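Biologist: I am new to reading protein structures, and I would like a close look at a single part. Could you take one helix and walk me through how it fits with its surroundings?

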Amino acid sequence: MHEMSLAEGIIQVIETESKRQHFHKVKTVWLEIGALAGVEVYALEFAFEAVKRHTLAETAQLQIIQIPAQAWCLPCGKMVEIKQRYEPCPECGSYQLQVSQGDEMRIKELEVD
Ligand SMILES: [Zn+2]
């Protein structure tokens, strides 16, 4: 259940940003999660509901944007979409893939009051 600490991390970022940008209430949190980030979306939503209580994100809604994973395939010489790490290229079956996107998790935007 590392989603609980991820949710706490989101609250911490929000609190730091609130001091920097002088807002007092968050309405929406737009969160980008890569397909390879190993984050269980439902577990994260559940954890966020629990940790947001008594914070300035108390009434905030979590909007999750899932980012597909992409890798550079050497034999194909182009970007391909993959579902999991250590998966072969969907086009040529090669394992010479370099993951370029999909393991990130970041706050994209905050809608604040
Ligand atoms: Zn390929």
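**A helix and its surroundings**

Modeller: Happily! Let me begin with a contact outside the helix, as a warm-up: in this predicted model, the side chains of E91 and K78 meet in a salt bridge, with 2.8 Å from N to O. E91 sits in the loop between β4 and β5 (97–101) and K78 in strand β4, so this pair ties together parts that are 13 residues apart in sequence. E91 is exposed, at 53% relative accessible area, while K78 is partly exposed, at 36%. Salt bridges with shared partners also join K27, E111 and D113 into one network.

Now to the helix I would pick, α2, which spans residues 41–51. Which of its residues are buried? They are V41, A43, L44, A47, F48 and V51. These residues cover an arc of only 155 degrees around the axis, which puts them on the same side of α2. There is a simple rule behind such patterns: an α-helix has 3.6 residues a turn, so residues three or four places apart point the same way. Turn to the face directed away from the buried side, and you will find the exposed residues Y42 and F46.

What do the buried residues of α2 pack against? Their partners are α1 (3–21), β1 (26–34) and β2 (61–67).

This brings us to the core. Nonpolar side chains tend to be buried together in soluble globular proteins. Here, the largest nonpolar core has 19 residues, and I10, I14, V29, L44 and F48 are those with the most contacts inside it. The elements α1, β1 and α2 each give two or more residues to this core. Our helix α2 supplies the largest share, five residues.

Try following V29 in the structure. Setting aside its neighbours within four places in sequence, V29 is in contact with I10, I14, F48, A60, Q61, L62, Q63, I107, E109 and L110. F48 in that list is one of the buried residues of α2 that we met above. There is also a second, separate core of seven residues, which includes L36, A69, A71 and C73.

Charged residues add another layer to the picture. A search of the whole structure finds eight salt bridges. One of them involves our helix: E49, which falls within residues 41–51 of α2, forms a salt bridge with K52, and their closest N and O atoms are 3.3 Å apart. K52 counts as buried, at 9% relative accessibility, whereas E49 is partly exposed, with a relative accessible area of 41%.

Another salt bridge involves β1, one of the elements that α2 packs against. R106 pairs with E32, and the closest N and O atoms are 3.0 Å apart. R106 lies in strand β6 (residues 105–112) and E32 in strand β1, so this pair ties together parts that are 74 residues apart in sequence. E32 is buried, with a relative accessible area of 10%, but R106 is partly exposed, at 43%.

Finally, glance at the surface. W72, L74 and M79 make a nonpolar patch of about 300 Å² there. L74 lies in the loop between β3 (69–73) and β4 (78–82), and L74 is exposed, with a relative accessible area of 55%.

Conventions: Residues are numbered from 1 along each chain as its sequence is written. This is a predicted model: local features need pLDDT of at least 70, side-chain atom pairs count only at pLDDT 80 or more; totals for chains, interfaces and linings use all residues. Side-chain values use heavy atoms; hydrogens and water are left out. Buried means under 20% relative accessible area, exposed over 50%, partly exposed in between (1.4 Å probe, protein chains only). Helices (H or I, at least four residues) and strands (E, at least two) are DSSP runs, numbered from the N terminus. The arc is that of the directions from the helix axis to the C-beta atoms. Contact means heavy atoms within 4.5 Å. Patches are made of residues with over 30% relative accessible area and no salt bridge: like charges are joined within 9 Å, nonpolar side chains (Val, Leu, Ile, Met, Phe, Trp, Tyr) within 5 Å. Accessible areas come from the Shrake-Rupley method with a 1.4 Å probe; for residues, only the protein chains shown count as cover. A salt bridge is a side-chain nitrogen of Lys or Arg within 4 Å of a carboxyl oxygen of Asp or Glu. A nonpolar core is a set of buried Ala, Val, Leu, Ile, Met, Phe, Trp, Tyr and Cys residues joined through side-chain atoms within 4.5 Å.
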